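Here's a friendly walk through one protein model. Have a look at the picture first, then read on.

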Amino acid sequence: MSTSVHPVPVPVPVPVPVPSPSPTAPHVLDNAAWAALTGPHAHLAERVGRAARYPTDMSPFTALDDPADPRSWDDLAALVGPGAVTPVTAVRAVPDGWTIERSGDGVQLTATTLHSEPAPEAVRLGPADVPEILGLIALTRPGPFLPRTVELGTYLGIREGGRLIALAGERLRPPGWTEISAVCTHPGHRGRGLATRLVRAVAAGIRERGDIPFLHAAADNTNAIRLYESIGFTLRRRTRFVLVRTPGGQQSVHAGQEEAGQPEEKAHP
């Protein structure tokens, strides 16, 4: 008589955040977009000196090495062109000649006690799924998602009857960290915990490669913030996004950036 042996699952170790070398040193997440565009996502970056951005059909994010350095703003103007509108993170004020078109407040949360695990029902999404993803994004408006956003990292979805009803994935990747983004559920399927299962599954993949999950939410999205805190995220800091117009030239808007809205997530988990 033979006895079958079932392998015992090995828990994935949870990465522990490494403290800054000094209490006054800036944290990598304080300027997460710049850290990503000059780190793990450097191969995607369009860069002029102290300013960088993602391709405009991939992400609306632009970032500055040092928002207090006028040279960074000069480089950003050279990167995006005169009279252009572009969102910038980690910025509190803009130099003379620049205009703030819109601003928004958000929060940044890090996974401190989040339990992560794969979701067997989740499917990996890719370029062929983009039209359906964009349809769900347009319905739920969790935050900016463009035709090539899916190239930023792993995106997982849940289908029912062949229809995509829930989504979550990866966005910014500063060194040692990965942002969970685009968390949304079709309005007709909310209340079933689908988004939570996807957040845990995306987090499991992030932790498997040794990164720590984090995410952003709009400051007024109290329901989403409350849910994230209930599953193991902790508020790290408050954030601000500004949509700025560069000096001079004909007024223009880069494709998808006005439509993208603010980079903070407006998730409906």
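What follows covers salt bridges, one loop and one helix.

A word on the ground rules: this is a predicted model, in which local features need pLDDT of at least 70, side-chain atom pairs count only at pLDDT 80 or more, and totals for chains, interfaces and linings use all residues. Residues are numbered from 1 along each chain as its sequence is written, and side-chain values use heavy atoms, with hydrogens and water left out.

**Salt bridges**

Let's start with the charged pairs. The structure holds 17 salt bridges, each being a side-chain nitrogen of Lys or Arg within 4 Å of a carboxyl oxygen of Asp or Glu. Here are some of them, including their N to O distances.

| Pair | N to O distance |
|---|---|
| Arg 50 and Asp 75 | 3.6 Å |
| Glu 170 and Arg 209 | 3.1 Å |
| Arg 209 and Asp 211 | 3.5 Å |

Take the pair Arg 50 and Asp 75, whose closest N and O atoms are 3.6 Å apart. It links distant parts of the chain: Arg 50 sits in the loop between strand E1 (46-48) and strand E2 (51-53), while Asp 75 belongs to helix H2 (residues 70-80), 25 residues apart. Helices (H or I, at least four residues) and strands (E, at least two) are DSSP runs, numbered from the N terminus. Arg 50 is partly exposed, at 27% relative accessible area, whereas Asp 75 is buried, at 14%. For these words, buried means under 20% relative accessible area, exposed over 50%, and partly exposed in between (1.4 Å probe, protein chains only).

Now for Glu 170 and Arg 209, whose side chains meet in a salt bridge. This pair also links distant parts of the chain, with Glu 170 in strand E8 (residues 163-170) and Arg 209 in the loop between helix H4 (194-208) and strand E10 (212-218), 39 residues apart. Glu 170 is buried, with just 3% relative accessible area, and Arg 209 is partly exposed at 35%. Arg 209 also has a salt bridge to Asp 211, and Asp 211 is buried at 8%. Elsewhere, salt bridges that share partners join Arg 50, Asp 69, Arg 71 and Asp 75 into one network.

**The loop between E5 and E6**

Which residues does Ser 116 touch, leaving aside its neighbours within four places in sequence? They are Arg 200, Ala 203, Ala 204 and Arg 207, where contact means heavy atoms within 4.5 Å. Ser 116 lies in the loop between strand E5 (99-111) and strand E6 (123-125) and is buried, at 19% relative accessible area. Pro 120 has its place in the loop between E5 and E6 too, but Pro 120 is exposed, at 79% relative accessibility. Pro 120 and Arg 197 are 77 residues apart in sequence, and 9.7 Å apart in space, C-alpha to C-alpha.

**Helix H5**

Last stop: a helix with two sides. In H5 (residues 222-230), Ala 224, Ile 225 and Tyr 228 are buried. Seen down the axis of H5, the buried residues fall within an arc of 100° (taken from the directions from the helix axis to the C-beta atoms), so they line one face of the helix. The face turned away from that buried side carries the exposed residues Asn 223, Arg 226 and Ser 230. As for partners, the buried residues of H5 pack against E5, strand E9 (177-185), H4, E10 and strand E11 (233-245). After H5 comes Gly 232, with a positive phi near 120°.
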